[in-house]
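I opened this one to practise reading side chains. My notes are below, in the order I looked things up.

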Amino acid sequence: MRSFFYQGVPRGQGRPRFNRQIGAYKSSEDKAYERALCMAYWAEHAGKKPLDGPITIKIKAIFPIPKSKPKREQELMRS
């Protein structure tokens, strides 16, 4: 089993942007985040054999408590 750790705030992928000349494209923030995840993976698994066959992926994402939550709920989430 392979695993890796990325220390940073998780973020969802944004919607694609559209341009008449180019068509659909990703925002620069999405590209930078994907690049950072990719580099974190390859830093830990450089030189290992590529995986072949079916794989299973498990993701554990820990998000910060949103500031929009009422203080009472923020305290409950912290404990």
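**Notebook: salt bridges, rings and a patch**

I began with K26, which comes out as partly exposed, with a relative accessibility of 34%. One caution for myself before going on: this is a predicted model.

**Entry 1: who does K26 pair with?**
I looked for a partner and found E34, which forms a salt bridge with K26. The closest N and O atoms are 2.8 Å apart. I checked E34 too, and at 32% relative accessibility E34 is partly exposed.

**Entry 2: the other salt bridges**
How many salt bridges does the count come to? I get three. Another one joins the side chains of D30 and R11, at 2.5 Å from N to O. This pair links distant parts of the chain, since D30 sits in helix α1 and R11 in the segment before β1 (17-19), 19 residues apart.

Is D30 buried or exposed? I looked it up: D30 has a relative accessible area of 4%, so D30 is buried, because anything under 20% goes by that name. R11 has 37% and is therefore partly exposed.

I also noted the bridge between K69 and E73, whose side chains meet at 3.6 Å, N to O. That still makes a salt bridge, because the cut-off is 4 Å. K69 is partly exposed at 31%, and E73 is partly exposed at 29%.

**Entry 3: M77 and its contacts**
K69 turned up again when I went to M77. M77 lies in helix α2, which covers residues 71-78. Which residues does M77 touch, leaving out those up to four places away in sequence? I found I65 and K69. I looked at I65 a bit longer: M77 and I65 are twelve residues apart in sequence, and their C-alpha atoms are 7.6 Å apart in space. M77 has 45% relative accessibility, so I wrote it down as partly exposed.

**Entry 4: aromatic rings**
Next I went through the rings, and the count comes to three aromatic pairs. Y6 and Y33 make one of them, an edge-to-face pair with 5.8 Å centre to centre and 85° between the planes. These two rings link distant parts of the chain: Y6 is in the segment before β1 and Y33 is in helix α1, 27 residues apart. Y6 is partly exposed at 28% relative accessibility, whereas Y33 counts as buried at 17%.

Then I turned to Y41 and W42. Their ring centres are 5.2 Å apart and their planes sit at 80°, so this pair is edge-to-face. The reasoning is simple enough, because planes over 60 degrees apart go in that class. F4 joins in as well: F4, Y41 and W42 form one aromatic cluster. I checked W42 for exposure and got 48% relative accessibility, which means W42 is partly exposed.

**Entry 5: a nonpolar patch**
Last, I looked at the surface. Which residues make the nonpolar patch there? I listed L51, I55, I57 and I59, which together make a patch of about 490 Å². I picked I59 for a closer look, and I59 lies in the loop between α1 (28-45) and α2. I59 counts as exposed, because its relative accessibility is 75% and the cut-off for that word is over 50%.

**Note to self**
I want to remember two things from today. D30 is buried and has a salt bridge with R11, and I59 is exposed and belongs to the nonpolar patch.

Technical notes. Residues are numbered from 1 along each chain as its sequence is written. This is a predicted model: local features need pLDDT of at least 70, side-chain atom pairs count only at pLDDT 80 or more; totals for chains, interfaces and linings use all residues. Side-chain values use heavy atoms; hydrogens and water are left out. Helices (H or I, at least four residues) and strands (E, at least two) are DSSP runs, numbered from the N terminus. Buried means under 20% relative accessible area, exposed over 50%, partly exposed in between (1.4 Å probe, protein chains only). Contact means heavy atoms within 4.5 Å. Patches are made of residues with over 30% relative accessible area and no salt bridge: like charges are joined within 9 Å, nonpolar side chains (Val, Leu, Ile, Met, Phe, Trp, Tyr) within 5 Å. Accessible areas come from the Shrake-Rupley method with a 1.4 Å probe; for residues, only the protein chains shown count as cover. Rings of Phe, Tyr and Trp (its six-membered ring) pair if their centres lie within 6.5 Å; planes under 30 degrees apart count as stacked, over 60 as edge-to-face and the rest as tilted.
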